[in-house]
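Q: Please take a close look at one part of this structure, namely how its helices pack against each other, and set that part within the whole.

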Amino acid sequence: MNELRLFRKHNFSFTKRGNSVQLEQRIAQYKAIEAYRKRPLIVYATSTRAGLNAMMAGDVVREFIDQIDLITSGTEVDVLINSTGGDALTAWKLMSLLRERFKKVCVLVPFMAFSAATIFALGADEIVMHPHASLGPIDPQIQMQDGAGTVRQFAYEDVGAFLRFIADEVRITEQLHTSAIMERLFAVVDPLNVGAAKRASDLSTDIGERLLSMHMSRPEDKGRVRTIAENLNKSFFAHSDAVTRGRAKTLQLQVAEPDPKLEKLIWNAYCGLEGHMLLREPFFPLLDYLKDPLGRAAIEPAAPLQLPVNLPPQIQQQIMQQAVNNAIQASAGKAHQTDFSYVFAVCESIRAASASVSKGKMSAWLMPNGEVKLNMIEDQKGWQRLTMPPASTKKAAEDSEKPAKTEIETKEPQIKADETKVT
């Protein structure tokens with residue numbers, strides 16, 4: 001094979017069924033956290049897998065409502081989150097739902113809660129951070145596509161930084177020259193995109209203030225709320241700059257004091273999600289296709305023809321032509337198909353579990369020129385309810401009859417999908 005190229009109709013991934021942590025094991029980890037904290041726990045995680053990064057999006061709102069409705073007593077709740085962010089308005093909606101139902105909301109961060117996930121955490125009375133955990137800036141990132149089709153990402157602060165560079169570093173202040181510079185800037189960036197970035201930046205600060213005000217409502221907190229939101233939005237030089245536990249305290253966030261036992265529990269829960277969602281395995285579907293023995297055999301290149309040196313040219317040409325025809329026929333035949341299933345996000349607890357998944361089949365062909373063409377056809381997509389382990393369902397029902405001891409009451413969820421088909 002002289003050259004290997006990958007052609008895909010869809011940028012999808014899939015999980016390996018035999019390599020995922022089972023739901024029953026994850027539920028056991030959630031039970032341990034609930035037993036220690038004496039309050040219900042909801043877990044929300046989006047894929048942070050390299051090449052398959054999923055965002056917080058509005059489609060999870062309905063899943064959160066199901067989780068909240070299953071908690072019929074108690075005034076406190078924990079939410080364990082792991083995400084690189086997404087839609088800030090989704091973060092606002094999720095925390096608003098929790099605040100309507102519970103007097104106290106705590107967010108547990110075992111590893112990462114960046115961007116919109118940080119915005120979500122701002123609405124919590126308390127943020128429990130593992131020593132490995134990081135929050136992040138809340139400056140929104142805008143994507144734009146230029147005339148050549150190249151996608152660029154920038155933030156409103158990037159525009160401000162450029163203008164400050166011109167004024168403070170280059171020291172160009174004359175109107176004639178600054179006008180020419182602005183014309184050059186807007187030749188690269190559509191003014192409407194700059195306006196959209198400005199509005200997104202203002203919205204991020206505004207949502208941050210609203211969420212902080214949910215638990216910082218004293219008159220003397222008003223100025224502090226504004227300062228925290230603006231610092232998270234405008235005081236960082238990179239969107240991916242990590243806010244560690246110590247740094248979060250410096251920013252005056254409501255970070256809990258270290259609790260080694262709880263930190264171990266939430267890290268175990270994260271490791272369960274990490275194994276289930278394959279977060280440490282970069283997404284490259286062709287490699288996964290090759291793990292199927294039949295798939296590997298289907299695109300295995302044929303051995304080069306070894307022809308005797310004294311063979312007549314006419315016979316050599318006939319043999320070569322026949323080999324080419326065979327290769328063309330092979331590439332035109334039905335390719336071997338293998339199933340794929342991948343997880344975008346999960347929303348689960350000891351009471352119910354659902355996952356945003358995509359399933360389908362993929363196939364590959366070895367083309368006559370040595371290239372490999374990979375095709376992935378999706379036939380299922382969206383949130384699916386997972387089958388709860390019988391022991392978990394029974395235990396949840398028993399707990400619902402003992403509110404004084406567990407502070408939660410549950411009802412059995414409606415089962416719609418088999419979990420073994422999702423993982």
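A: The following account begins with the whole protein, turns to two pairs of packed helices, and ends with the cores and some single residues.

The model is a predicted one. The protein contains 15 helices and 14 strands. Of its 423 residues, 47% are buried. When contacts between residues at least 6 apart in sequence are considered, 74% of them join residues at least 24 apart.

Two packed helices are described by the angle between their axes and the distance between the axes. Both quantities are available for the pair formed by helix H1 (residues 23-37) and helix H10 (residues 260-277): their axes come within 9 Å and cross at roughly 160°. Because angles over 145 degrees count as roughly antiparallel, H1 is roughly antiparallel to H10. The crossing of H1 past H10 is left-handed. On the side of H1, the contact is made by Arg26, Gln29, Tyr30, Ala32, Ile33, Tyr36 and Arg37. On the side of H10, the residues are Lys261, Leu262, Leu265, Ile266, Asn268, Ala269, Gly272, Leu273 and His276. Sorted by class, the contact of H1 with H10 comprises nine nonpolar, four polar and three charged residues.

The second pair consists of helix H2 (residues 61-69) and helix H3 (residues 88-101), whose axes come within 10 Å and cross at roughly 20°. Since angles under 35 degrees count as roughly parallel, H2 and H3 are roughly parallel to each other. H2 passes H3 in a crossing that is right-handed. Here Val61, Phe64, Ile65 and Ile68 of H2 meet Lys93, Leu94, Leu97, Leu98 and Arg101 of H3. The contact of H2 with H3 has seven nonpolar residues, no polar ones and two charged ones.

Some of these residues appear again in the nonpolar cores. The largest nonpolar core has 49 residues, of which Ile42, Phe64, Ile81, Leu98, Phe120, Leu135 and Leu253 touch the most other members. Phe64 belongs to the H2 side of the contact with H3, and Leu98 to the H3 side. Ile42 is in contact with both Phe64 and Leu98. Among the other contacts of Ile42, leaving aside neighbours within four places in sequence, are Gln67, Ile68, Ile71, Val77, Cys347 and Ser349. A second, separate core of 27 residues includes Ile33, Leu108, Ala269 and Ala353. Of these, Ile33 takes part in the contact from H1, and Ala269 from H10.

Asp87 lies in the loop between strand E5 (76-82) and H3. Asp87 is partly exposed, its relative accessible area being 33%. Apart from residues up to four places away in sequence, Asp87 touches Met56 and Ala116. Although Asp87 and Ala116 are 29 residues apart along the chain, their C-alpha atoms are separated by 6.1 Å.

Two serines complete the picture. Ser213 is found in helix H7 (residues 191-213) and is partly exposed, with a relative accessible area of 35%. The C-alpha atoms of Ser213 and Arg224 are 9.9 Å apart, with their places eleven residues apart along the chain counted as the separation. Ser363, in strand E13 (residues 353-366), is buried, with a relative accessible area of 6%. Beyond its neighbours within four places in sequence, Ser363 is in contact with Tyr289, Ala335, His336, Gln337, Lys373, Leu374 and Asn375.

Key: Residues are numbered from 1 along each chain as its sequence is written. This is a predicted model: local features need pLDDT of at least 70, side-chain atom pairs count only at pLDDT 80 or more; totals for chains, interfaces and linings use all residues. Side-chain values use heavy atoms; hydrogens and water are left out. Axes are lines fitted to C-alpha atoms, for helices over the stretch in contact, and angles run from 0 to 180 degrees between N-to-C directions. Helices (H or I, at least four residues) and strands (E, at least two) are DSSP runs, numbered from the N terminus. Angles under 35 degrees count as roughly parallel, over 145 as roughly antiparallel, 65 to 115 as roughly perpendicular and the rest as oblique. A crossing is left-handed if the near helix is turned anticlockwise from the far one by less than a right angle, and right-handed if clockwise. Contact means heavy atoms within 4.5 Å. Ala, Val, Leu, Ile, Met, Phe, Trp, Tyr, Cys and Pro count as nonpolar, Asp, Glu, Lys and Arg as charged, and the others, Gly among them, as polar. A nonpolar core is a set of buried Ala, Val, Leu, Ile, Met, Phe, Trp, Tyr and Cys residues joined through side-chain atoms within 4.5 Å. Buried means under 20% relative accessible area, exposed over 50%, partly exposed in between (1.4 Å probe, protein chains only).
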